[in-house]
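Got the viewer open? Show side chains as sticks, colour by element, and follow along.

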Amino acid sequence: MGTINLVAEIDGVVRGFCMVMPPLVDYDSPNYLFFCDNFANFVYLDRVAITADFRSRGIGPSLYREVERRTDAEWFTLEVNVVPPNEGSLRFHAREGFVEVSRQETRPGKVVSLMAKRLR
C-alpha cells in the first residue's frame, strides 16, 4: 500500500485533507521513524487539517474512517503535541480510540504524544 491522500470537499471547496504513509517511506521525521522502529504493520498520519469554519462537523472522523477502510495495516499511528498542549486534538484522538504509546521531545520545548489505534 502506498501513501493515502484524502481531500474533503464540500460544495466544490476543499474543507479538509489528510496525508497518511505506510512503513519504509524515505521520510526523516523523528515521529514517523519512531513508528518504523517500533511497529511492523502501520499507517502514519503525517498531516490532517480542517478549515476552522468546518470543524466539529464530522469531517475528521470521516477522513479517518476512509483511511481505515483503505488500509490493511494493523495500526493507525500519529502524534499530538503535549508541550505545548493541543487539548482539542488530544480529546479528539482519545474519542477516536487512539492511546499513547510513548512521548518524545522533537526539539527544545516541544514534546509529542506518540499515539496508536489497533485496526485489526
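Select Arg-65, Glu-68, Glu-96 and Lys-117 together: salt bridges link these four into a network. Keep in mind that this is a predicted model.

Now zoom in on one pair in that group. Glu-68 and Arg-65 form a salt bridge at 3.3 Å, N to O. Both sit in helix H2 (residues 59-70), three residues apart, or about one turn of the helix. Glu-68 is buried at 16% relative accessible area, while Arg-65 is partly exposed at 36%.

Stay on helix H2 and pick Glu-66 and Arg-70. Their closest N and O atoms are 2.7 Å apart, in another salt bridge. These two are four residues apart, so about one helical turn separates them. Both ends are partly exposed: Glu-66 at 21% relative accessibility and Arg-70 at 44%.

Next, jump to Arg-47 and Asp-46, whose side chains meet in a salt bridge at 3.7 Å, N to O. Arg-47 is partly exposed, with a relative accessible area of 44%, but Asp-46 counts as buried at 10%. The full tally is nine salt bridges.

Last stop, the cysteines: how many disulfides are there? Zero. Select Cys-18 and draw a distance to the sulfur of Cys-36: that is the closest cysteine sulfur, yet it lies 18 Å away, so the gap is too far for a bond. A disulfide would need the two sulfurs within 2.5 Å. While you're there, check the surroundings: Cys-18 is buried at 1% relative accessible area, whereas Cys-36 is partly exposed at 25%.

Technical notes:
Residues are numbered from 1 along each chain as its sequence is written. This is a predicted model: local features need pLDDT of at least 70, side-chain atom pairs count only at pLDDT 80 or more; totals for chains, interfaces and linings use all residues. Side-chain values use heavy atoms; hydrogens and water are left out. Buried means under 20% relative accessible area, exposed over 50%, partly exposed in between (1.4 Å probe, protein chains only).
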